[in-house]
Structure formats: structure tokens, C-alpha cells
Amino acid sequence: MLIHDTSLIFGRYVRQTLRSRFQIFFGILMPLLYLLFFGPLLTGLPLGSTGDSWQVLVPGLLLQLALFGASFTGFAIIIEQSTGVVERMRVTPVSRLALLLGRVLRDALLFMFQAVLLVLAALVMGLRAPLPGVLVGFAFVGLLTVSLASLSYALAMKVRTPQEFGPVINSLTMPAMLLSGLMLPMTLGPAWLDVLSHFTPFRYLVDAVRDAYVGSYATAHMLYGGLVALAFALLAVTVGTRVFRKAGA
């Protein structure tokens, strides 16, 4: 029943997404702008990392896509609450876990599609990376999307208005972006900042994808990044499921 219910919810939101081309392509705009206008500035600069500037920047942009895109997905729940969609779902026998999984799996599919478009644009700009490394990057995008979308929906179930939701998300995503080294390796900064960044789970994901993009798979970064991504996804889905069950969503 869980698989059946999840597929129903997933199909509903996929059809909803396909009717909105604006939603599909607009989310990639910010990472694409960074790629076009920030990437060329790094060409030839000593970035203190293996690989060229594109192999440093593109992994960060992929995770930036998931970070900002998935963190704001909770706005959809707030809109559904105001229009009565959530109330109608409460009276159905569908699994509360399926209500969460159907949404986050749609989000993961959407952002992985956008990640593919971003990598294709990067290849035109000059990116060269092994195919297995690119696929590893997509896997990390999917896991991060599931994690952040689950937490975003959970938070949205706790607040009443977008005015409450937006500032909380902004106050969390901006420090996460700055401390994870999405744009540049944190090793370029002072030692205290590099140490502080290790308390941000996204740092381990960024380092892992950058290793994958240079063809290094059996590294400590890959191990830690994979463990953190899986643990974070499990924790986030657990928290999201509990919130959905308590709220009767």
C-alpha cells in the first residue's frame, strides 16, 4: 500500500509540474548565471584543489541547485493549506509517509533533471569530467533534495504564512552555502573558517562530488560524503514523516 500510495501522490505532483514549464526551467537560472558569469573568472586561478576550475565550480553549483531549490519547496504546502488541498487529503486513507515521499521524489526528479541541464551547459563551457563522476554527482543531488525537501515540508506544516517560512529558510540556507564551500574550496580561507566549515554537513557532500569529478572514488571524502548524505536523508525523512503524522496531513 505504501508503494501504491506513494506512486499516486508522485504521479499527481509530476503531472502538476509538467503543466508548469516555468517551474521546470526557472529553478536552474541562478546556478546557470553563476556558471556563465562567475566560472570564467576562475579559469587558470590556483584554487588549491585537484582538477581544473570547472571541476571545482560545477559540483558546487549542482549542490547549490539542490540546496536552494529543495529548501523552498515547503511554500507549496503553505499554498495547499490555504486552498484546502491539505484538508481534503486529511480525510483520505492514504499513508502519511506516502504524502511526504510522493512530494520529495517528485522534487528529486525535478532537480536531477535541472542538474542534467546544468552539466550539459558546463560541458559547453569547458567542463571535462568522467561519466561515473557525473553520475555520482546526480546521486548526491537526489539525496540532498530528499533531505532538504523533507525538512522544508515539515517546517511548512508548522508555520501559517509564507512570511514566517521565508525568513527561517533564508537564515539557514545562506550560512550553509557560505560555509560549505560551494563556490570555492574552503581550504582557500583562513584555518578557523576551514575548521568551522566541517560542522556543516554540506561541506562533506561538496568535497565528495569534487573528488568524483576528477575520477577519485576511493577517497575519505567520498566515504564521509556518502555516509553524511545517507544519514541526513534518513534523519530528514524520519522527521518529516513524524510531522506529517502528527498534523494528519
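These numbered notes cover salt bridges, a nonpolar surface patch, helix packing and one long-range pair in a predicted model.

1. Salt bridge total. The structure has five salt bridges. Points 2 to 4 take up individual pairs and a network.

2. R106 and D107. A salt bridge links R106 to D107, and their closest N and O atoms lie 2.8 Å apart. R106 and D107 are both buried. Anyone looking at this pair in the viewer will therefore have to look beneath the surface, since buried stands for under 20% relative accessible area.

3. R203 and its two partners. R203 takes part in a salt bridge with D194, with 2.8 Å between the closest N and O atoms. R203 also forms a salt bridge with D207, where the closest N and O atoms are again 2.8 Å apart. For the second pair, the setting is a single helix: R203 and D207 both belong to α12, which covers residues 201-213. Four residues separate R203 from D207, or about one turn of that helix. As for accessibility, R203 has a relative accessible area of 5%, so it counts as buried, the limit being under 20%. D207 is buried too, because its relative accessibility is 14% and the same limit of under 20% applies. D194, the partner outside this last pair, is likewise buried.

4. A salt-bridge network. R12, E80 and R103 are joined into one network by salt bridges that share partners.

5. Nonpolar surface patch. F22, F26, L29, L33, L36 and F37 make a nonpolar patch of about 620 Å² on the surface. Two elements each give two or more residues to this patch, namely α2 (21-26) and α3 (29-37). The largest share comes from α3, with four residues. One of the patch residues, L29, is located in helix α3. L29 has a relative accessible area of 35% and is therefore partly exposed, a class that lies between 20% and 50%.

6. Helix α5 against α8. Helix α5 (residues 53-71) packs on helix α8 (residues 96-125), with 10 Å between the axes and an angle of about 155°. The two helices are therefore roughly antiparallel, as angles over 145 degrees are classed that way. The crossing of α5 and α8 is right-handed.

7. Helix α5 against α10. Helix α5 also has a contact with helix α10 (residues 162-180): their axes come within 10 Å and cross at roughly 165°. This angle makes α5 roughly antiparallel to α10, by the cut-off of over 145 degrees. Here, too, the crossing is right-handed. Helix α5 is thus roughly antiparallel to α8 and to α10.

8. F75 and L155. F75 is in helix α6, which covers residues 75-83. With a relative accessibility of 26%, F75 is partly exposed, because that value falls between 20% and 50%. Along the chain, F75 and L155 are 80 residues apart, while in space their C-alpha atoms are separated by 9.8 Å.

Definitions and conventions:
Residues numbered from 1 in each chain as written. Predicted model: local features only at pLDDT ≥ 70, side-chain atom pairs only at ≥ 80, totals over all residues. Heavy atoms only, no water. Salt bridge = Lys/Arg side-chain N within 4 Å of Asp/Glu carboxyl O. Buried < 20%, exposed > 50% of the residue type's maximum accessible area, 1.4 Å probe, protein only. Patch = residues over 30% accessible without salt bridge, like charges linked within 9 Å, V, L, I, M, F, W, Y side chains within 5 Å. Areas by Shrake-Rupley, 256 points an atom, 1.4 Å probe, with all protein chains shown as cover. Axes fitted to C-alpha atoms, helices over the stretch in contact; angles between N-to-C directions. Parallel < 35°, antiparallel > 145°, perpendicular 65-115°, else oblique. Left-handed = near helix turned anticlockwise from the far one by under 90°.
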